[in-house]
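User: I should like to go through this protein step by step. Please explain how each answer is reached.

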Amino acid sequence: MEALVTLPVETALNGATGVAAVRSNSAIGLGMVFVEFDYGTDIFTARQIVAEKLQTVSGQLPTGITPVLGPISSVMGQIMLVGLSGGQQTNAADLRTLANYTVRQRLLSIPGVAQVIPIGGDNLQYQVLLDMPRLNATGLTVTQVEEALRRSNLNTTGNFFDRNGSEVLIRNLGRLRSVADIENIIVGYRQGSPISVKQVATVAFGARFKRGDGSVNGKPAVILSIEKQPGTATVGLTQAVEKALVELKPSLPKDVQVNTRLFKQADFIESSITNVEEALRDGAILVVIVLFAFLLNVRTTFISLVAIPLSLLVTALVFRVAGISINTMTLGGLAIAIGELVDDAIVDVENVFRRLRENQYLPQPKPALQVIYAASSEVRNSIVYATIIVVLVFLPLFALEGMEGRIFAPLGIAYITSIVASLFVSLTITPVLCYYLLPKMKQIRAAEQEGGLVRWLKRKDTGLLGWGLAHPKMVLTVTGLLFALAASLVPFFGTEFLPPFNEGSLTVNFSAPAGTSLTESNKLGTLGEEQILQLPEVAYTARRTGRAELDEHAESVNNSEIEVAFKTEQELEREGKKMRSREEILADLRQRLGLITGVNVNIGQPISHRLDHLLSGVRAQVAIKIFGNDLLELRRYANEIRTAAGAVPGVVDLQVEKQVQIPQLLVRPRDAALRAYGLERGQVVATLETLFQGDVVSQMLDGQKRFDLIVKLPEAQRNDIATIAQTRIETPSGALIPVSQVADVSYEPGPNTVNHENTQRRITVSMNVAGRDLGSTVKEVQARINQQVKLPAGYYLTYGGQFESQQSASQKILWLSLFSLAGIFLVLYSHFKSGLMVGQIMLNIPLALIGSVVAVLLTGGTFSIASLVGFITLTGIASRNGIMMISHYIHLVEHEGEKFSKEMIIRGSLERLVPVLMTALVAALALVPLTLAKDAPGKEILYPVATVILGGLLSSTFLDIVVTPVVFWLFGEKALAQYLRGHHEVSLDAHPQELDAQPLTPPADQNPVQPAV
């Protein structure tokens, strides 16, 4: 199989357009080739490429071998498992027939379902079990029996004729309908007497030879695996499947139970979306509380909050036009952005409100429209540039490839779209609402200008600024030490690819020694199910052992996969129990399964296992792949690597791929004996194939059901070497001789399977990591392997899975982040025209790093790709405060006649204190719901993002309050001079205007704000 079939096919496919990797499994009588294309490749284009390549190798393959493309689905397309269990009235054969021809056919009719794969029960077939002594006695051959059966199971047509003006079809019905029909078929004649099938064979309607089985809760069952088509909504399709099963239930036997809780991707998706929606809601509530606490004003709070629904509405419209779905990651992007959606509006509203209050004390107040226009223009450049930077730093996310790119790109799209929408709202809707709602407010005329909280904060900030400006070196020294300490901690953090999901279910892989029979694997699997069911949290187990007939994976019968479904918290409460943590459950499960000797156990989660399989072709977090030519040598080196890795703390579920020597009974024809009897080598092996494996000669119909008609020996005559050696075959002269006369029959070891990757033989050592971070564990494993395992020339190893993806993605993010920082510098420089000024603004980035490192340290000290995404987001948010603060210093000097002095810096800092604190706090506190219940489905991948941003915002905001003014006092005068040289603006009149840029003259307002009396 390896040399004749899979190798030519994978050689043709390797290097085809868009192909990233080619893997193959060559087992006894079965070859599977998996072709992995680059992300973004159209599925139909990929299938066309594969089909064209298969055409080029069709002439190289053995006669009768025709490669077939699998259905349009993927590893991640398995959305649901459905279990069918029978009672006393429905046996295993009836249950499988029901699954094949009733349940499966109904589910395949649902739009979006790509494939339904049943396993378990007894697959029925009509069997003609040859009695070789009786057949030999008649002088007939096996070939004659096969041809008679083929010829006797036909329908033909006789064209049409007219009958009284009506057309009548002539049909010749010769198809077989029953066991009796088969028994009465005439095979040949002996001395003029007909010989029927029943004289030379036993005919039975029985179960076919099984290579796979299934069970639910340790009892025999049929399990149907439902796969979806790419692009189909999982939740909607799951609901359609469940509805179809409910409609089908009345037509099933009363003792047949249908279980849809074994595994459903939709459960994880729905719980994830619900949790993120709740975080989004709670974040919005916290934003309202913070705004009102600072503004103490219903109207200003309302104007600021309008940005949230309008921004979300614009985002939803963009998603609709672009065809982007609402999922956990898009909602996560909105949850992260929810606090920032009001930032631009806050800055605008606060400035307008303050300028309107200042305007009322002027001897001759200006029209409200002019004041609002000027106040909005004053901060316009700041919020526009801040938003540009936030968008700019997110661009590296879209350069991520592979799975991580697919996961985080929707988050980035949602985040950027909502932020840009909020900018649009703040530049258009917010000033209009300010005009209609603010000028005639009572608070504008009130003697008390600010609330108690704001006055208290300004008093404290005044004292802090006075101290900081008096001791600038101490402030900078302490800040520098904090940054150095934070940076020094980073190399000691652990690393991982993605945070572990909490899917609410488990997948347990059982691997018995290669060569273990299906019967023995069933016993071991049932024993494993019994141990799993002892966990109080477990509701159901669904075991699939071996390979289903329609499965796209070449699983051997020694492998079992058990899906574990947990009870809901409500079910546990009714039993008076509580759900334990995921770590406790896994530890208990590993301890229980460790009692079963002779099997390798790998514990994971259904979706996570499939993601691992996408990354490396192995359902484990880490795959060490050894490449070489000799299978025995590969196995030896794999065991050495297993020994070295097994000594590393944190390594669990360690196992070597079961590519081993298993017992094989080989029948080798001898050339001299074949010539002596006049036999052809091909004829002998073809006859033996029919006798031992069976030959499907036709199909029997029962309504819509189809059953194979097969010719073979009874099981009793093919289950030991002596019987097989004495099996008689016919010579051209009509003599009957035992197989042992013309062939050597012996037991010899041979490979159970041969795996390739990119046309090279390989064996895999797989493992998971528990109780420790992935990065440091794999690095220690690498160090031990390098010390203890020496590979000869022609052999090499690679590390695949999550570790490889984490390193690749991390390096790409770090390099692209440098370009983002350069982009930030250029954007800011294009406005400020001063490198020194830009450097002071970007100082907020290292200030944010201090808090984010502390946040990572307090939450486990592990970096993941999600943490890096948090750092990216933080870079943009942190820059906003620096822009707002320094832009206002410039405004005071440029437009309000202030001189560069400590007094100007204190005034500017106090005037920007409220918007800076409000924007930072709403952005930070809106993330708090995502940091609670970090193991909740949906939140686990957003938790590192939120904690990094939250910690960084807190440190950058509080340090920015004192550090930015101090730095500006030390270096701002020169930077300010550079800025002023680069900006020569002409004033509209002799008086300073509150504008960053020269505006158009607004229309006259007939309702100026009256001065307070």
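The questions and answers below concern a predicted model.

User: Which strands stand at the edges of the open sheet of 6 strands?

Analyst: The strands of this open sheet follow the order 12-11-17-18-16-19, and their pairing is antiparallel. A strand at an edge has a single partner strand, so one side of it is left without a neighbour in the sheet. The strands to which this applies are strand 12 (219-220) and strand 19 (600-604).

User: Which residue in strand 19 stands opposite Ser511?

Analyst: Strand 16 covers residues 505-511 and pairs with strand 19 in the antiparallel sense. This pairing extends over 5 bridges. In strand 19, the residue opposite Ser511 is Asn600.

User: At about what angle does helix 19 run to strand 17?

Analyst: Helix 19 is formed by residues 518-533. Helix 19 lies across strand 11 (212-216), strand 16, strand 17 (538-546) and strand 18 (559-566). Relative to strand 17, its direction is at about 165 degrees.

User: Is helix 32 roughly parallel or roughly antiparallel to helix 34?

Analyst: The axes of helix 32 (residues 902-925) and helix 34 (residues 943-982) come within 10 Å and cross at roughly 170 degrees. Angles over 145 degrees count as roughly antiparallel. Therefore helix 32 is, with respect to helix 34, roughly antiparallel.

User: How many residues of the contact of helix 32 with helix 34 are nonpolar?

Analyst: Helix 32 contributes residues including Leu913, Val916 and Leu917, while those from helix 34 include Ile961, Phe968 and Trp969. The contact also holds 2 polar and 2 charged residues. The number of nonpolar residues is 14.

User: Is Leu30 buried, partly exposed or exposed?

Analyst: Leu30 is found in strand 2 (residues 30-37). Beyond the residues up to four places away in sequence, Leu30 touches Met1, Asn25, Arg547 and Ala554. Buried means under 20% relative accessible area, and exposed means over 50%. Because its relative accessibility is 23%, Leu30 counts as partly exposed.

User: What separates the C-alpha atoms of Leu30 and Leu13?

Analyst: Along the chain, Leu30 and Leu13 are 17 residues apart. In space, the separation of their C-alpha atoms is 18 Å.

User: Which residue takes a positive phi in the hairpin of strand 6 and strand 7?

Analyst: Strand 6 (residues 155-163) and strand 7 (residues 166-173) run antiparallel and are joined by 7 bridges. In one of the pairings, Asp162 has Glu167 in strand 7 as its bridge partner. The hairpin has 2 residues between the strands, and the residue with a positive phi, near 55 degrees, is Asn164.

Terms used. Residues numbered from 1 in each chain as written. Predicted model: local features only at pLDDT ≥ 70, side-chain atom pairs only at ≥ 80, totals over all residues. Heavy atoms only, no water. Pairing = 2+ DSSP bridges. Helix = DSSP H or I, 4+ residues; strand = E, 2+ residues; numbered from the N terminus. Contact = heavy atoms within 4.5 Å. Axes fitted to C-alpha atoms, helices over the stretch in contact; angles between N-to-C directions. Parallel < 35°, antiparallel > 145°, perpendicular 65-115°, else oblique. Nonpolar A, V, L, I, M, F, W, Y, C, P; charged D, E, K, R; others polar. Buried < 20%, exposed > 50% of the residue type's maximum accessible area, 1.4 Å probe, protein only.
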